[in-house]
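The following note is intended for a student who is reading a protein structure for the first time. Please keep the sequence and the structure in view while working through the numbered points.

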Amino acid sequence: LEEDIALSNNSLDLIGQARLLYQHAAALINSNGAEAQRFAHLQGARQDGRITEDTLAYFRDTAEFRNHTLMELPHHGPLVGYAVSERDYAVTIARNFLVSALMVLAWDRLQTSKDPQLAGIAAKSLKEVRYHLRHAGDWLVRFGDGTEESHHRAQAALDHLLPYCEAFWHPSPAELAAAADGSGVDLRT
């Protein structure tokens, strides 16, 4: 029960971070007439043509959604033969650890963004994601130092997920442009 609550709180933190980013993106788009026109056709646009966080979150075209493959992998990994489910808690913890480790770097660097709103979101988010990293890291240590079975599952989860982290270091053209103009960061550094 304690872990259900902890992971639910982590999820709420991530939803809050996403909302702040969507709200900020909508404000930036609405302040640029040409950019606002690009989104005005979306179902979630308001009558006055302005977009909202919901427009961006729910009504973008499929091709406009971006994330790392790591986030889309099935929620299971190499399980033991007697497993009764395709889910493995070690995969949950390992994925949370890897993503949180990335986001600690990203939010830390984004605190120096030339965009003061984004820098503020980064400062708030960094506090939360440091907790996520510590939580997942503590569990990985427990698994590694625990039983032979827990050690095996944690190692199998990391072996399964780690190759997908390579994508963290291959920025998109939009990420490169944001880093070049000082609003974003180049995570390759």
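1. The model under review is predicted. A good place to begin is its largest nonpolar core, which has 18 residues. Within this core, Leu 70, Ile 93, Phe 143 and Leu 161 touch the most other members. Three helices, α5 (89–110), α6 (116–145) and α7 (148–161), each contribute at least two residues to this core. The largest share, 7 residues, is supplied by α5.

2. Ile 93 merits a closer look. Which residues does Ile 93 touch, apart from those up to four places away in sequence? They are His 135, Ala 136, Trp 139, Leu 140 and Phe 143. A second core, separate from the one above, consists of 8 residues. Among them are Val 104, Leu 110, Ile 121 and Ala 122.

3. The overall plan of the chain should also be stated. The protein chain contains 8 helices and 0 strands, and its pattern along the sequence reads α-α-α-α-α-α-α-α. Of its 189 residues, 35% are buried. Among contacts with a separation of 6 or more, 62% join residues that lie 24 or more positions apart.

4. Helix α1 covers residues 2–30 and allows a simple check of length. With 29 residues at 1.5 Å a residue, the helix should span 42 Å; its end C-alpha atoms are 42 Å apart, so the two values agree. The buried residues of α1 are Glu 3, Ala 6, Leu 7, Asn 10, Gln 17, His 24, Ala 26, Ile 29 and Asn 30. When reading such a list, it helps to recall that an α-helix has 3.6 residues a turn, so residues three or four places apart point the same way.

5. Two residues of α1 deserve separate comment. Asn 10 lies in this helix. Its relative accessible area is 7%, and because buried means under 20%, Asn 10 counts as buried. Beyond its neighbours up to four places away in sequence, Asn 10 touches Tyr 131, His 132 and His 135. Gln 17 also belongs to α1. Is Gln 17 buried or exposed? With a relative accessible area of 6%, Gln 17 is buried. Its contacts, leaving aside neighbours within four places in sequence, are with Trp 107, Ser 125 and Glu 128.

6. His 135, already named as a contact of Asn 10, is part of helix α6. The relative accessible area of His 135 is 9%, and therefore this residue is buried. Apart from residues up to four places away in sequence, His 135 touches Glu 3, Ala 6, Leu 7, Asn 10 and Ile 93. How many residues separate His 135 and Leu 7 in sequence? The separation is 128 residues, while their C-alpha atoms are 9.4 Å apart in space.

7. The last point concerns a pair of helices. Two packed helices are described by the angle between their axes and the distance between the axes. The axes of α6 and α7 come within 6 Å and cross at roughly 130°. At this angle, α6 is therefore oblique to α7. The residues that meet are Leu 140, Arg 142, Phe 143 and Gly 144 in α6, and Ser 150, His 151, Ala 154 and Leu 158 in α7. Sorted by class, this contact comprises 4 nonpolar, 3 polar and 1 charged residues.

Key:
Residues numbered from 1 in each chain as written. Predicted model: local features only at pLDDT ≥ 70, side-chain atom pairs only at ≥ 80, totals over all residues. Heavy atoms only, no water. Core = buried A, V, L, I, M, F, W, Y, C linked by side-chain atoms within 4.5 Å. Buried < 20%, exposed > 50% of the residue type's maximum accessible area, 1.4 Å probe, protein only. Helix = DSSP H or I, 4+ residues; strand = E, 2+ residues; numbered from the N terminus. Contact = heavy atoms within 4.5 Å. Expected span 1.5 Å × (residues − 1). Axes fitted to C-alpha atoms, helices over the stretch in contact; angles between N-to-C directions. Parallel < 35°, antiparallel > 145°, perpendicular 65-115°, else oblique. Nonpolar A, V, L, I, M, F, W, Y, C, P; charged D, E, K, R; others polar.
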